[in-house]
Structures are given as C-alpha cells and as structure tokens.
Amino acid sequence: MNSAHDLGGQMGFGPVVPERDEPIFHADWEKKVLAINVAAGAMGAWTIDGIRHARESLPPAQYLSSSYYQIWLAALDKVLVEQGFLSKDELASGIAGSARREPKRVLKGEDVPTVLRRGFPYEREAPAPARFKVGDKVRTIVMHPQHHTRLPRYARGKQGVVELVTGCHVFPDTGAHGAPETAQWLYTVVFTGPELWGRDADPTSSVSIEAWESYLEPA
C-alpha cells in the first residue's frame with residue numbers, strides 16, 4: 001500500500017546513518033516483543049504478509065515516530081484484537097478476560113529451536129512455466145493499491161532487466177489479506193539509477209528488487 005513505510009526515494013528524512021557496532025537489541029523489552037511476535041505468529045491466525053500489512057497500515061504519524069520494535073508491538077496489538085485473541089479493554093487494562101478465541105496451535109518453549117531452524121518456506125510448485133527469463137527487458141506496472149504489496153513505489157512504471165529467476169513463491173499481495181494462498185514466479189530485476197531517479201542520478205548506480213510475475217510486463 002502507499003503509506004509511510006514506503007520511504008524509498010523520498011526526500012526530507014535525512015541521511016541513513018548506520019550505527020557502529022549496533023547491538024541486536026537496544027533494550028530487554030525489544031527481545032520480549034520479538035519473542036511474543038514469534039509465538040503469536042505460530043498460532044496460525046495470520047501470515048507473515050498479514051502482519052507486515054498491519055505494520056504498514058499504522059497511522060503515518062505513529063509509524064514515523066516509532067522505533068522498529070514499537071512498530072512491531074503496535075501491529076501485533078492490532079491483529080490480536082482484530083482476530084479476537086484480545087479485546088480493546090483487555091489491552092488497555094492489562095487484565096485478561098474470560099472469553100477469547102483459542103489458537104489453532106501453541107508454540108512450546110522446547111520446540112522453538114527446531115521451529116526456527118526449520119524456518120517458514122514460501123517456495124511452491126509452479127502452476128505454469130515462467131513468463132520471463134534472465135536477460136529479458138521488463139517494465140513494472142503502475143498501481144496505487146490499498147492492499148499489501150512488495151513492489152516499491154519508486155520502482156513502479158520503470159524498465160529493468162531480469163537478472164535471476166528465483167522460483168515460484170507465495171504471492172504476498174493476496175496472502176496478506178486472508179485470501180486463499182496463490183503462488184507466482186518471482187524474479188530479481190535490476191534497474192539503473194537514472195531509470196529510477198532521473199538524469200541527476202549516478203549513471204553507474206543500480207538497484208535490484210524482487211518482483212512477482214504479475215508486477216511485470218514485457219518492455
């Protein structure tokens with residue numbers, strides 16, 4: 001969706017300043033937020049793209065003024081209420097009520113290492129041959145969706161070249177919203193800097209993005 005999370009190419013937010021020797025967590029509460037997100041996601045009530053959409057759809061002022069794990073926590077609160085695992089009153093008071101939705105499954109502590117090692121594969125059997133091959137010139141579609149998408153705003157309507165066919169993967173744009181799972185071919189597409197940013201861009205620069213097949217048209 002077109003919202004505050006999609007900052008690529010926008011001005012006015014200052015330079016990106018990497019933190020030297022940045023720790024994995026800046027505070028203990030961030031560790032807890034990550035752990036709760038993993039445990040809640042394992043209940044099976046939403047997909048990884050569903051929780052991403054919850055983060056993206058936070059009010060822009062809230063999103064831009066929050067830290068990384070504050071965004072994660074706010075989005076988790078949102079989906080837990082939407083999915084019936086919490087009420088707004090419980091969330092505000094911190095006191096559990098008696099009526100709530102029961103999860104499909106519960107991630108037990110002793111199972112966490114195995115689950116994390118296994119990961120969450122999203123590659124699927126291809127329903128049809130790939131439409132594009134390495135070296136093909138393609139153009140991304142122009143869209144302004146209210147739903148989740150992985151096509152960055154700055155890369156829409158731009159011409160690039162397929163540099164890798166990465167297999168058939170779950171399509172996030174529909175999977176984020178509870179629709180039946182579908183899969184599409186996924187490509188790595190490279191764009192020149194001037195194509196994305198105009199004639200003032202560094203002519204030697206390039207950007208590669210992962211693009212699902214329905215994002216692309218022959219150039």
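**Note on a predicted model: a buried glutamate and two cores**

1. Glu56 is buried but forms no salt bridge. The nearest side chain of opposite charge belongs to Arg150, and it is 6.0 Å away. A salt bridge would need a side-chain nitrogen within 4 Å of the carboxyl oxygen, so Arg150 does not qualify. Bear in mind that this is a predicted model.

2. What does the side chain of Glu56 pair with instead? Its partner in a polar contact is the side chain of His148, at 2.9 Å. His is not counted as a charged residue here, so His148 does not enter the search for opposite charge.

3. Glu56 sits in helix H2, which covers residues 48–56. Setting aside neighbours within four places in sequence, Glu56 contacts Met1, Ser3, His5 and His148.

4. The largest nonpolar core holds 19 residues. Tyr187, Val189, Tyr215 and Leu216 have the most contacts inside it. Two elements give two or more residues to this core: strand S3 (183–192) and strand S4 (206–212). The top contributor is S3, with 5 residues. In soluble globular proteins, nonpolar side chains tend to be buried together.

5. Tyr187 deserves a look on screen. Not counting residues up to four places away in sequence, Tyr187 touches a run of earlier residues that includes Ala130, Arg131 and Phe132. Its contacts also include Val162, Leu164, Val165 and Thr166. Later in the sequence, Tyr187 meets Ile209, Glu210, Ala211, Glu213 and Leu216.

6. There is a second core, separate from the largest one. This core has 11 residues, among them Ala45, Ala54, Leu80 and Phe85.

7. Is Ala128 buried, partly exposed or exposed? Ala128 is partly exposed, because its relative accessibility is 40%. Ala128 lies in the loop between helix H6 (112–118) and strand S1 (137–140). Ala128 and Pro203 are 75 residues apart in sequence, and their C-alpha atoms are 37 Å apart in space.

8. Now the overall layout. The protein has 8 helices and 5 strands. From the N terminus, the order is α-α-α-α-α-α-β-β-α-β-α-β-β. Among contacts with a separation of 6 or more, 66% join residues 24 or more positions apart.

9. Last, the bulk figures. The C-alpha atoms fill a box of roughly 60 × 45 × 35 Å along the principal axes. Of the 219 residues, 33% are buried. The accessible surface is about 13600 Å², and carbon and sulfur atoms account for 56% of it.

Conventions. Residues numbered from 1 in each chain as written. Predicted model: local features only at pLDDT ≥ 70, side-chain atom pairs only at ≥ 80, totals over all residues. Heavy atoms only, no water. Core = buried A, V, L, I, M, F, W, Y, C linked by side-chain atoms within 4.5 Å. Buried < 20%, exposed > 50% of the residue type's maximum accessible area, 1.4 Å probe, protein only. Helix = DSSP H or I, 4+ residues; strand = E, 2+ residues; numbered from the N terminus. Contact = heavy atoms within 4.5 Å. Polar contact = N/O pair within 3.5 Å; in protein donor to acceptor, adjacent residues only side chain to side chain. Areas by Shrake-Rupley, 256 points an atom, 1.4 Å probe, with all protein chains shown as cover.
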